[in-house]
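Trainee: I've got a new structure open and I'd like to understand the wording people use for it. Can we go through it together?

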Amino acid sequence: MGGKVPCPCQPVTMHTLHPLPHFPLSLPPQKRSPMTSAKYKRILLKLSGEALAGPSGYNIDPAVLEKYSQEIKQVTELGVQVAVVIGGGNIFRGVSGERSGIDRVQGDYMGMLATVINAMAIQSSLEKHGLYTRVMSAIKMEQVCEPYVRRRAVRHLEKGRVVIFGAGTGSPYFTTDTTASLRAIEIEADVVLKGTKVDGVYSADPVKDPTATRYSEISFSDVYEKKLSVMDLTAFTLCQENNLPIIVFNMNQPGSLLRVVQGDSSAGTLIK
Ligand code: UDP
């Protein structure tokens, strides 16, 4: 039989109120199992905007969002603190805007706004998986996300929230790779994980050269001397000068992010 319906003349007590629906923003931080097998305590994951687009190269593919959220969730379940920097190349890039007549600085700001759209998409998808999240933007837009404040970002991470950094560095002429290096240094991440379409850094382009071999580990100076492409030079130098290791790995390979975080050297290339 149905439950008792309170008489309308009775005062409303806590017992008569319905429990709150699940809503990540209003809940206390997640209880986490102790970190058992993670090599890193705090990571910064860099994802390119283009990767979010899936095969079409444009817009946001819900299947990719879903896949990435599952990968990120697996890592948070180890107790790892996760910060994410997402690019905007699937929507807009300042350089390509310039080619179609848009002023470069204007185009760069448009590119930064594009990264916020992607950040919000990831946030929404992660929340669907029950994760607590915050988007923090380098350009103030308080109706949609928090402004970036380093101490607050660290606090969110300590509370187990996934922090997604939007709007790049907030300045034109930079990239989201540079944002990833900069934010990682600021929040004292242990490593920058650069999720790509390939499983590491190769001696040559593995698509063009079948003899290309993957490095499991390589030094910053060797990457530089061999002119291997990892990140743009500003981003790369920031990591090198601040002794922040980078791992390049394949974000599209299921379980790869987890393996990287667990220290599996076959899952990517460690640059240190
Ligand atoms: N951008 C910028 N400053 C930044 C970060 C990004 O001006 O600090 C702009 C720039 O126009 C860039 C675009 O935002 O092309 C998107 O970022 P990015 O190209 O790094 O995205 P991804 O290639 O990772 O998708």
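Trainee: Which helices each supply at least two residues of the shell around the ligand?
Mentor: Keep in mind that this is a predicted model. The helices are α1 (49–52), α3 (94–99), α4 (104–128) and α6 (176–186). The largest share, six residues, comes from α4.

Trainee: Which residues come nearest to the ligand?
Mentor: Out of 23 around the ligand, those are Gly87, Gly89, Gly94, Gly111 and Gly168. By class, the shell has 15 polar, five nonpolar and three charged residues, and Gly is counted as polar here.

Trainee: How do you know that the span of α4 agrees with what a helix of 25 residues should have?
Mentor: Take 1.5 Å times one less than the number of residues. For α4 that gives 36 Å, and its end C-alpha atoms are 36 Å apart, so the two agree. After α4 comes Gly130, with a positive phi near 85°.

Trainee: Why are α6 and α8 called roughly parallel to each other?
Mentor: Angles under 35 degrees count as roughly parallel. α6 and α8 (residues 233–241) pack at about 20°, with axes 7 Å apart, and therefore they get that label. The crossing of α6 past α8 is left-handed.

Trainee: Which residues make the contact?
Mentor: From α6 you have Asp177, Thr178, Ala180, Ser181, Leu182 and Ile185, and α8 brings Thr234, Ala235, Leu238 and Cys239. Sorted by class, the contact of α6 with α8 has six nonpolar, three polar and one charged residues.

Conventions
Residues are numbered from 1 along each chain as its sequence is written. This is a predicted model: local features need pLDDT of at least 70, side-chain atom pairs count only at pLDDT 80 or more; totals for chains, interfaces and linings use all residues. A residue is near a molecule or strand if its C-beta atom, placed from the backbone, lies within 6 Å of it. Helices (H or I, at least four residues) and strands (E, at least two) are DSSP runs, numbered from the N terminus. Axes are lines fitted to C-alpha atoms, for helices over the stretch in contact, and angles run from 0 to 180 degrees between N-to-C directions. Angles under 35 degrees count as roughly parallel, over 145 as roughly antiparallel, 65 to 115 as roughly perpendicular and the rest as oblique. A crossing is left-handed if the near helix is turned anticlockwise from the far one by less than a right angle, and right-handed if clockwise. Two residues are in contact if their C-beta atoms, placed from the backbone, lie within 7 Å.
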